[in-house]
Number of protein chains: 2
Amino acid sequence: MNFIKACYQAKLFEYGPTKGTIFITPNGFDIWQKIQKNLDYEFKQLGVENVYFPSLFPYSMLAQEEEHIDGFKPEIFTIEQTGNKKLNDKLVLRPTSEVVFCSYFQKVLKSYRDLPLLLNQWVNVWRYEQNPNPFLRNMEFLWNEGHTLHLNETKATEFCHKILNIYRNFLQKKLLIPVFVGYKSELEKFAGAEKTWGLETILPDGQFLQLATVHYFGQNFAEKFDVKFLNKENKGTTPYQTSWGISTRAIAGLVQTHFDNKGLILPFLFAKYQILILPIYMKKANEQNLKITNYCKLLQKRLVKNNFKVKLISEQYKKNFSYHCLQSEIIGTPMRLEIGKQEVLDETVTFVFRHNLKQKRKLSFEQFFTNFNQLYQQMNKELYDKATKIQNLKIEKIINFEKYLKLNKNKAFEVWFCNKKECEKQIKQLTKTVSRILWKTNKINKCFKCQKKTKYQAFFGRSY
Amino acid sequence: MNFIKACYQAKLFEYGPTKGTIFITPNGFDIWQKIQKNLDYEFKQLGVENVYFPSLFPYSMLAQEEEHIDGFKPEIFTIEQTGNKKLNDKLVLRPTSEVVFCSYFQKVLKSYRDLPLLLNQWVNVWRYEQNPNPFLRNMEFLWNEGHTLHLNETKATEFCHKILNIYRNFLQKKLLIPVFVGYKSELEKFAGAEKTWGLETILPDGQFLQLATVHYFGQNFAEKFDVKFLNKENKGTTPYQTSWGISTRAIAGLVQTHFDNKGLILPFLFAKYQILILPIYMKKANEQNLKITNYCKLLQKRLVKNNFKVKLISEQYKKNFSYHCLQSEIIGTPMRLEIGKQEVLDETVTFVFRHNLKQKRKLSFEQFFTNFNQLYQQMNKELYDKATKIQNLKIEKIINFEKYLKLNKNKAFEVWFCNKKECEKQIKQLTKTVSRILWKTNKINKCFKCQKKTKYQAFFGRSY
């Protein structure tokens, strides 16, 4: 099964009215709400405040930073008309909001006492896509965009690392997606940024997926937009800026990392129903069935009391045992309890985890609850370890560019790389691959393409 | 002080980069997040699920319902270009999403078992405004738009009333805004609706403000978009549809209903900081000041434990006592505690409510906490009662249209009204006022304009 079919079957989306748009349906949006809630809490711990800033702004504003407009020009939607009226000023729909935040900062920033200024918005953005794909690349997607100002470079960079940590922890410990964190190359960094960090995963098909980014702008945008504050000595000073985001693409990452041939596999934290209780009834309604129902309700009550989202299938649907199994496997319900005559007699619980359907287990009622936390941790660990193992199998070290040219690009290639724009452009032209992330080492080696000396290693490969 | 200044001073917004747009800044967005959280909880109790649907869709789709496109034509933003590419299909930015939801329903609705289908989204919408005003009328605003399908007219109408109740309770009991609920007239109802209910308040300046609406569409849209389900007899059947929304305009309602010359007055539920603890220190740092600090911290701890959001001013800012008072009055902090030497000695708490700054009161530490809930209820009651009283003073009964013509339109005029489009068009032309809401009575009387017999009474007046 491919990823899109898995999402479609689980009703995470439906195709939208225009090419490149999707309806994010209740099951899909539920995952996004959970992502939002988790991260929003973390951002707030750092003192970040939420806002809502205009999605429409003058084209001329976007054009104020040359690299920035060059980067976004091919993707932006422009508006020249409303109703029957031609607009004087051509407007754009935000592809990102650095310039909008700068125009706000310019108005409100007064003194060093206003710093750091830590803002964020959870909004929709638009970027035209030639080859749209549900959740991966859409004309419109949802994301968070944080925009902050700081007193100096050190404080701004420190803040970038705090956000990187939040994203990394969230991706690895909550979504259970193993990620690599590194710099973006000179060619691949964000249009207008001094430094961009990417958090990327290697998917089972060997392609990279960028899940979040953090940008450090230095004083670049602030200077162009005349953003200034009075420092302690009452001198006009330019602040240092960052921005950072994670999008609905994280849903694609979550699904692609864990799904199997039957459908989705969701971690407990992101499942609408975490536990399905499936009673195995006798064909005829009888006293035995009543006992099964009561036992299941007891289980349900106890689980709900422990804050789990539980779905209990009622007797009227007893014929559809295999349908309910299948359905819960399609939507990725993490755990299923199967309760029949025997379980009631023994006072036991038979259960199976979605990621390991072959391993059915049985515990006494009390043991089941005593061990629950451990079982839950174990599921998380197994999911993460499995993904890490698959990811590591997809990494190949490459020294020789001639060899690289001939290889099928269905892997992540670890190389020494000079991080020169010209060199990467040549690689891109010859192989249609670019660097995904870079990291600085203590050693010196030769760039796999131009042979110049470098301290940087990098991943090259295909990406979504 | 006028409403806009009150909002601006309290930093609820800043003017945006294009005429008619605003930055909703942290203080303003905080109120919106609280509105969202409250209502979202209520919607979910009814089984409503959240989604995110495309903001861009073909113009031709909007044009499929004639009344609908006629209603929205002057206000919509159209997009014909992306990057350097001319789009084949002209797109619109959603002014509302009835047609988008219909195109989704058409795809996914199969059987009577899928009904009711209860969806909602919290999103941005765009409508061009000639005379924009912060929070009242903006080119872009935030709202909830619920869209539901039902088996038959009865069920759809019942659902409308459930939503009306949620909105009414929220507005009256949480935002403490007295509202009138009634029908929209034939002229004023939503483009494409069979029936529209409005929830309106009369503001202290005598103008109406519409705070939320609920629409019943019957089968109108569903028929145009070929939305069908198989009923129990396996026959293709058209469902009955509703939609409903409340927007960031509610922030304007909240502010305008309660604010005074000093600034905002916020109910506890919508204040960022609910209680300001203001220590009154001696000029010199001494042991007495330490005692004051400790006593304040004790108060703070106890209040935080009771889930209140508390702000405690620390000793280093002791010189700015009146600044802090003023500041908390501008942003509308509901309650202020003033703690000096005497309070520490007596073990008492001196406090004052924002809506009644002249009435300073003192209670013993324990009494303060024992009576807190009662004090809080009393504040809510006083705010609501005051607003109701002011509102009632603004209502005037009118029988004679000649007299109505001559009156200053700074009131809400209660009239008998025929609810005929032609009659209302004439009234609109002659007086620049329209009906705001209607309600059916058991009596029969003559329309104040055309003298035709009618059972309907209505409010006429100016509106924001």
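In what order do the five strands of the open sheet in chain A stand? The order is 16-15-17-18-19, and the pairing is mixed; strands here are DSSP runs (E, at least two residues), helices are DSSP runs of H or I with at least four residues, and both are numbered from the N terminus. Two strands count as paired if DSSP finds at least two bridges between them. Strand 16 (310-312) and strand 19 (356-364) of chain A stand at the edges, each with a single partner strand, so one side of each is left without a neighbour in the sheet. From one strand to the next, the twist averages 25°, where axes are lines fitted to C-alpha atoms (for helices over the stretch in contact) and angles run from 0 to 180 degrees between N-to-C directions.

A word on the model helps before going further. This is a predicted model, in which local features need pLDDT of at least 70 and side-chain atom pairs count only at pLDDT 80 or more, while totals for chains, interfaces and linings use all residues. Residues are numbered from 1 along each chain as its sequence is written, and chains are lettered from A and ligands numbered from 1 in the order in which they are written.

Within the five-stranded sheet, strand 17 (residues 335-339) and strand 18 (residues 348-353) of chain A run antiparallel and are joined by four bridges. One pair to look for is A:Glu338 with its bridge partner A:Thr350 in strand 18 of chain A. Helix 9 (residues 287-305) of chain A lies across strand 15 (275-279), strand 16, strand 17 and strand 18 of chain A, and runs at about 170° to strand 15 of chain A.

Now to chain A as a whole. Chain A holds 15 helices and 23 strands, and its C-alpha trace spans about 80 × 55 × 50 Å along the principal axes. Of the 464 residues in chain A, 44% are buried; a residue is buried if 20 or more other C-beta atoms lie within 10 Å of its own, exposed if 12 or fewer, and partly exposed in between, with C-beta atoms placed from the backbone. Contacts (two residues whose C-beta atoms, placed from the backbone, lie within 7 Å) often link distant parts of the sequence: among those in chain A between residues at least 6 apart, 67% join residues at least 24 apart.

The domain assignment, of the automatic or database kind, divides chain A into domain 1 (3-258), domain 2 (268-390) and domain 3 (395-461). The C-alpha centres of domain 1 and domain 3 of chain A lie 27 Å apart, and 15 residues of domain 1 are in contact with 17 residues of domain 3 in chain A. On the domain 1 side of this contact in chain A, strand 9 (180-183) and strand 10 (195-202) are the elements that give two or more residues. By class, that side has five nonpolar, five polar and five charged residues. Here Ala, Val, Leu, Ile, Met, Phe, Trp, Tyr, Cys and Pro count as nonpolar, Asp, Glu, Lys and Arg as charged, and the others, Gly among them, as polar.

The two chains come next. A turn of 180° with a shift of 0.0 Å along the axis lays chain B on chain A with an RMSD of 0.0 Å, the copies being superposed by least squares on the C-alpha atoms of residues with pLDDT of at least 70 in both. That is the relation of a two-fold axis. B:Ile79 comes closest to the rotation axis among the residues of chain B, at 2.6 Å (C-alpha). At the interface, 45 residues of chain B are in contact with 45 residues of chain A. The side of chain B that touches chain A has 24 nonpolar, 14 polar and seven charged residues. The copies meet through the same surface, because 100% of the interface residues of chain B are also interface residues in chain A.

A second open sheet crosses between the chains, with six strands in the order 4(A)-6(A)-5(A)-5(B)-6(B)-4(B) and antiparallel pairing. Strand 4 (56-58) of chain A and strand 4 of chain B stand at the edges, each with a single partner strand, so one side of each is left without a neighbour in the sheet. The twist averages 45° from one strand to the next. Strand 5 (residues 77-82) of chain A pairs with strand 5 of chain B in the antiparallel sense over five bridges, and A:Thr82 stands opposite B:Phe77 there. Strand 5 of chain B also pairs with strand 6 of chain B, antiparallel over four bridges, with B:Ile79 opposite B:Leu91.
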